[in-house]
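Me: I have a structure open that I have not met before, and I would like to learn how to read it one feature at a time. Could you take me through it?

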Amino acid sequence: LQPMHIEVGNTPSCAVFIGQPFQGVHASDTRTMAYLDLAVMTLGNSFTGRLMHEVRDQQGLTYGIGASVLKQSDQPSIVVNASFKTDQLQKGIKATKDILRQFSEGKIGNDELEVARTSIVNITNTMGLDSKVVARNVLQRMSRGAQVDHSQRWNIINDPELNFDDVRQAVKQALHPDQFRYAAAGTGIGQ
């Protein structure tokens with residue numbers, strides 16, 4: 001697939017999306033999705049994420065960049081969203097794709113994963129989903145025969161026995177370093 005450039009008049013910066021579907025992963029695969037949620041959090045965890053640290057803080061290429069897992073279909077995807085000035089667009093895309101290449105090769109530090117795990121647990125607890133609420137929801141959903149997707153993912157990520165090598169392996173199996181594609185919209189970006 002070729003990159004997509006969309007000309008938008010009179011914008012000071014370009015909106016960029018870089019992504020890839022997870023290969024061989026179904027949205028119902030709770031364990032793998034938990035691993036991928038945790039791993040992607042290392043990239044897009046606000047100011048502690050690798051993308052913000054390297055692309056914004058170290059290289060000064062953007063004011064904002066983040067990553068997330070899209071789960072709206074049976075085949076979930078990783079998506080990075082960023083904003084670059086037009087004259088920094090190609091440099092920003094290259095820097096981001098370089099980080100994604102390393103990431104998809106499983107080059108994720110234990111310290112990054114621990115920070116991401118702590119953030120996910122803290123976000124969950126702040127929003128009122130502590131372990132007691134999770135346990136109650138699991139029991140309620142199990143009794144109705146419904147999936148316990150969100151609660152199960154939280155329990156997997158919060159498990160002190162979680163092996164970070166399993167997380168890295170899930171990333172390496174689900175992503176291919178050279179298959180990230182992008183779309184950019186802005187003024188003067190051409191085709």
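What follows is a conversation that goes from the overall fold to single residues.

Me: Before I look at details, how many helices and strands does the protein have, and which pattern does it follow along the sequence?

Reply: Please keep in mind that this is a predicted model. The protein has seven helices and five strands, and, read from start to end along the sequence, these follow the pattern β-β-α-α-β-β-α-α-α-α-α-β. Of its 191 residues, 43% count as buried. If you take the contacts with a separation of 6 or more, 76% of them join residues 24 or more positions apart.

Me: How should I describe two helices that pack together, and what do α1 and α7 look like in those terms?

Reply: Two packed helices are described by the angle between their axes and by the distance between those axes. Here, the axes of helix α1 (residues 30–44) and helix α7 (residues 164–174) come within 9 Å and cross at roughly 95°. Angles of 65 to 115 degrees count as roughly perpendicular, and α1 and α7 are therefore roughly perpendicular to each other. On the α1 side the contact is made by T32, Y35, L36, L38 and A39, while α7 brings F164, D166, V167, A170, V171 and A174. Sorted by class, the residues of this contact are nine nonpolar, one polar and one charged.

Me: Which residues of helix α2 are buried, and what follows that helix?

Reply: An α-helix has 3.6 residues a turn, so residues three or four places apart point the same way. In helix α2 (residues 50–58), the buried residues are R50, L51, M52 and V55. The helix is followed by G60, a residue whose phi is positive, near 65°.

Me: Where else should I look for a positive phi, in a residue that is not a glycine?

Reply: Look at N10, which has a positive phi of about 55° although it is not a glycine. N10 sits in the loop between β1 (4–7) and β2 (13–21). Its relative accessible area is 79%, and because a value over 50% counts as exposed, N10 is exposed.

Me: What lines the second largest pocket, and what is its volume?

Reply: The second largest pocket has a volume of about 150 Å³. Its lining is made up of S13, R56, G60, L61, T62, Y63, G64, S83, F84, K85 and Q88, so the glycine that follows α2 is part of it. Strand β4 (residues 77–85) gives the most to this lining, with three residues. By class, the lining has three nonpolar, six polar and two charged residues.

Me: Is F84, one of those lining residues, buried or exposed, and what does F84 touch?

Reply: F84 lies in strand β4 and, at 0% relative accessibility, counts as buried, because the limit is under 20%. Leaving aside neighbours within four places in sequence, F84 is in contact with S13, C14, V16, V55, L61, T62, I65, L89, G92, I93 and T96. The pair F84 and S13 shows how sequence and space can be read together, since these residues are 71 apart in sequence and 5.4 Å apart in space, C-alpha to C-alpha.

Me: Where is G186, and which residues is G186 in contact with?

Reply: G186 is in strand β5 (residues 181–186), and with a relative accessibility of 0% it counts as buried. Its contacts, again setting aside neighbours within four places in sequence, are I6, E7, V8, T11, S13 and C14. G186 and T86 are 100 residues apart in sequence, with their C-alpha atoms 7.3 Å apart in space.

Me: What can I read from S119 in the same manner, that is, its place and the residues that S119 touches?

Reply: S119 is in helix α4 (residues 110–126) and counts as buried at 17% relative accessibility. Not counting residues up to four places away in sequence, S119 touches M41 and N45. The C-alpha atoms of S119 and L38 are separated by 9.5 Å, while the two residues are 81 apart along the chain.

How values were computed
Residues are numbered from 1 along each chain as its sequence is written. This is a predicted model: local features need pLDDT of at least 70, side-chain atom pairs count only at pLDDT 80 or more; totals for chains, interfaces and linings use all residues. Side-chain values use heavy atoms; hydrogens and water are left out. On a 1 Å grid over the protein atoms alone, a cavity is a set of points where a 1.4 Å probe fits but cannot get out, and a pocket is an open set with protein on both sides within 12 Å along at least five of seven lines; lining residues have an atom within 4 Å of a point. Grid points are joined across faces, edges and corners, and a volume is the space filled by probe spheres set on the points. Helices (H or I, at least four residues) and strands (E, at least two) are DSSP runs, numbered from the N terminus. Ala, Val, Leu, Ile, Met, Phe, Trp, Tyr, Cys and Pro count as nonpolar, Asp, Glu, Lys and Arg as charged, and the others, Gly among them, as polar. Buried means under 20% relative accessible area, exposed over 50%, partly exposed in between (1.4 Å probe, protein chains only). Axes are lines fitted to C-alpha atoms, for helices over the stretch in contact, and angles run from 0 to 180 degrees between N-to-C directions. Angles under 35 degrees count as roughly parallel, over 145 as roughly antiparallel, 65 to 115 as roughly perpendicular and the rest as oblique. Contact means heavy atoms within 4.5 Å.
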